[in-house]
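Here are my notes for you to read with the structure open beside them. Take the points one at a time and find each residue as you go.

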Amino acid sequence: MFFPLPVEGSYTWSGVLGDTKMSALRWTCNLSRMWTEWTPWDRPQLPRGRKWIDKGPRGAGLMSCVTVTNMAEHNMTQSGEKFYNEILSPSELFAAQSRSHKLPVRGQKDFYPNDSEEQRQRLEQSLEEHWSLISEERVERLGNLVKATWIPSEKIVELQTPAGKFWQTMGFSARGKQYLHPEEALHLMECGSVQVFYQDLPLSIQDGYERFLSSSTVSLLQYQVFAHLKRLGYVVHRFDPSSEPSSYARQLNLPQSCNKERRQLKRKRSASPTPSTKSTSQAETQKESTADIMEEEKCSHEEDESKKLPDSDLKTCSETSDTQTGPADSGGGRTWWMADISGDQSEHQPASGSPRWHFSSISFPDLGSSERHPSCLFPPDPSLLPGSLAVGVCDITPWRSRINLRQVKMSAKEQKREMDRGRRRWDINRDKEVRRCRNWAEYHKLQARREGRRKGQPEHLWNREVTPLHDPSQPIPTAELLETISVSKSSNLLEGASRVKASDQWRIRFNVYQPDTVADFKKTNPGRPYCRMCVCSFSDPVPDLRAIKQMAVQSGDIQVICAVVDYGDISFYAFKDFQLPTDVYP
Amino acid sequence: MEGAPRTEEPTSCRVVGISHCDSASLLWRVEDLRSVRSQGLVGSLLGSLPRTPRQNSRLGRPLQLLPEEELLLSKCHTAASLPPANQHEGGSGLVQQVALQGEERRRSYEEQSIIALEGRKSAVLRAMASSNTGSGSETCQHKAHWDSLKALDQSFTFPLSALAVQLSTARVGLAHCPESRAFLQAHWSIRVQLSQHSEARYEVFRDLRRRGFYLTSAGKFGGDFLVYPGDPLRFHAHFIAVCLSKDKPVCLLDILSVARLGSNVKKTVLLCSPGGGGVLYTSLQWSGMV
């Protein structure tokens, strides 16, 4: 009544197990198979993970052997022969289901072989582990296998039973059927999820490699990269150049470009929150505002300004923007995003302020400081007025009652600034030399003479065909100066790339999506790839600039990575577009 | 260069079957893999490991051979190039094979269901044995066990979905028998026309192998071969072999870069130039001058 578990395998032990090559082990494989083969000179290949009987618990081994022999009695007819086909017997298949899924840990390596017994043993153990791992065959429950057939004419694999979990990231539907690309099918075969049939016979992994991989589908190199990434969990799809928008279409794609701009804005903001002299509170509001809020802010600032302008001293409106630093400064804060302000803020004031009224260019009559003037404005010269318009004397007393006549109290600093301004705004008519000029030509000559004198440099340098790159008297920002005197202009990777013709050798092969996106990955809308792969081998040349340019323009803003295969080894390299930084503040 | 750890000539003359996939030479059978390894050729594994397929630290069959390894095997007459898969193309043979396969499947199902039944039974028996030793006179429990055992015998059905199926790694086929290999071996032709550099590589490979070193490809290290003093499973590589022509000038910068790289990975760079019946070795080591 007692049946021991037949876990020890299906070989019988009927003699001495020595280390001679002709051991007495009998291999009770499936003898009725017609394509098995016979190898008389070597020990039989043991099924994975199992030890030789003479090493294992002897009693149990013998017992189980008896069981198996009984069960597979009809197989014993040819027991004199030994078969090493890598095909498992039913009992082995059954036992294989409960085998471990752990990888043996590899110990520390030694530095130099010293012929010691210890080293020899360790090597033997490592090798034994190695071979047991390598010789393991894939065994799956029929219920867990998806059945598929290979269609050689179309180089695809058609699923016969419903797809498994892999369908979320792999395969495609057409004509109401589910298909897998050959590389996907092969990978799934290797993972033990799919069994592919051809002419009603199951294909081995070897068949898969030899039939599925070809230059018209995916080469072995490409498959190696594909499988490497798949094993790491990445979602890998074939790259289809036609599905990529051309660079022109990419330019026209408004939502995309909009997104890109917003992203850039955000990045810039977080990278350098306050480059100018701004109060921290303002900086904070700037930081949390998005581009849309920015627009609102702009409007509100404009309102502020228009509110403030009426009650400011109307002496010179151009000055309000300068002395009343509040609105002007916030205006500066706004322009911080759009363009750099290098010159006077008052110059930019009209541009960033209300677009209709250029207050700095309209001279209002000075009413506030008109204590010494008569209480009325003289009428304008009638010759300047159009046609029949008559303008009389204007009484300003009602206006004066309406405006704020308080004296402007200026700090010492402000006074000094005022003085400077006064000095700068030099009335040209006080210049005696200018007054001596009788016409424009003389004035221009005078200007040129003064210019040359101010420069203090030889005029002749500018008279010739070749002139200096820069006039030192002209004040320009350092960055611009560097650009004017640079001998070779810096170039962009994508410059002129659209004209580069596609080469056959260098092509993007795969779109790669990150593993963490797998949960909500959609094949119909995979989104932005994490990167793109181009496959080459170490014996190939390094991709030239032409190839890099061509792939970069094809890929757009997604990085192209070269997967370089060196036999089993795969290394990943990328070429990055890099711009030398100009470390100058404008 | 110092004396080799040990010398071993490939003595085994088992013919190894090499199949070609996309110009790569692949070995599929464990027998072949073992035989090649016993000759000190390492190769590189490409496939997913059946036990844990979704990782890259340990890979499984197939094993890809370096061109030098393949050449060495073929020069020792221990390699045969196997023809591509076509065993399924036959007409009447195909029908026979399909029938055979069905028969196989059916028999496997029968046997597995017997084993599964035995497994269940023995589990019940074990439970019985433990209850016996546990608390003496629980006869009703004992009876229940006997009943369940009987019920198992009568109504046990092994679901087809639980049938264990093998997804074979290597192709099953007659092409692997020794006679056909011997035949294929006779028809061996060197597929690749050797360039000068690959000829130099082969010379270096053969010489280092003859001295007992194990070699793998060293693309990542900017050289031709990584040279191991023993089996790479147990030992670190000591050298990066760079094959150079004996009489061609070498750019100093190249030497510097390769030496610098070698010092960074704690390996010695070995400049190998075949010529004059042997191979000349020059080792480079980066040393700081104080």
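1. Let's start with a term: a polar contact is a pair of N or O atoms within 3.5 Å, and within protein one of them must be able to donate a hydrogen and the other to accept it. Keep in mind that you're looking at a predicted model. With that rule, 36 residue pairs are in polar contact across the interface of chain B and chain A, counting pairs with both residues at pLDDT 80 or more. Where on chain B should you look for the largest share of the side that touches chain A? Go to helix α3 (residues 92-134) of chain B, which supplies 19 residues.

2. Staying with the interface, 96 residues of chain A are in contact with 99 residues of chain B. People often describe how big an interface is by the accessible area lost when the parts come together. Here chain B and chain A bury about 9800 Å² between them, and 56% of that is on carbon and sulfur atoms. On the chain B side, the residues that lose the most area to chain A are B:Arg51, B:Leu167 and B:Arg234, together 10% of what that side buries.

3. Now look for charges: there are six salt bridges between chain B and chain A. One to find is A:Asp110 with B:Arg234, whose side chains meet at 3.4 Å, N to O. That's the B:Arg234 you just met among the residues of chain B that lose the most area to chain A.

4. On to the rings, with 13 aromatic pairs over all chains. One of them is A:Trp150 with A:Phe212, a tilted pair with 4.4 Å centre to centre and 40° between the planes. A:Trp150 belongs to strand β4 (residues 146-151) and A:Phe212 to helix α5 (residues 205-212), both of chain A, so the pair ties together parts 62 residues apart in sequence. Both A:Trp150 and A:Phe212 are buried.

5. Next, try A:Phe226 and A:Phe510: their ring centres are 5.7 Å apart and their planes are at 45°, so this pair is tilted. How many residues apart are A:Phe226 and A:Phe510? The answer is 284, with A:Phe226 in helix α6 (residues 220-231) and A:Phe510 in strand β13 (residues 508-513) of chain A. Both A:Phe226 and A:Phe510 are buried, and they belong to one aromatic cluster with A:Tyr209, A:Tyr223 and B:Trp28.

6. Finally, some charges over rings. A:Lys523 lies over the face of A:Trp167, 3.7 Å from the ring centre. In chain B, the charged end of B:Arg209 sits over the ring of B:Tyr214, 5.0 Å from its centre.

Definitions and conventions
Residues are numbered from 1 along each chain as its sequence is written. Chains are lettered from A and ligands numbered from 1 in the order in which they are written. This is a predicted model: local features need pLDDT of at least 70, side-chain atom pairs count only at pLDDT 80 or more; totals for chains, interfaces and linings use all residues. Side-chain values use heavy atoms; hydrogens and water are left out. Rings of Phe, Tyr and Trp (its six-membered ring) pair if their centres lie within 6.5 Å; planes under 30 degrees apart count as stacked, over 60 as edge-to-face and the rest as tilted. Helices (H or I, at least four residues) and strands (E, at least two) are DSSP runs, numbered from the N terminus. Buried means under 20% relative accessible area, exposed over 50%, partly exposed in between (1.4 Å probe, protein chains only). A charge sits over a ring if NZ of Lys or CZ of Arg is within 6 Å of the ring centre and within 35 degrees of the ring normal. Contact means heavy atoms within 4.5 Å. Buried area is the accessible area (1.4 Å probe) that two parts lose on being put together, summed over both. A salt bridge is a side-chain nitrogen of Lys or Arg within 4 Å of a carboxyl oxygen of Asp or Glu. A polar contact is a pair of N or O atoms within 3.5 Å; within protein, one must be able to donate a hydrogen and the other to accept it, and residues adjacent in sequence count only if both atoms are side-chain atoms.
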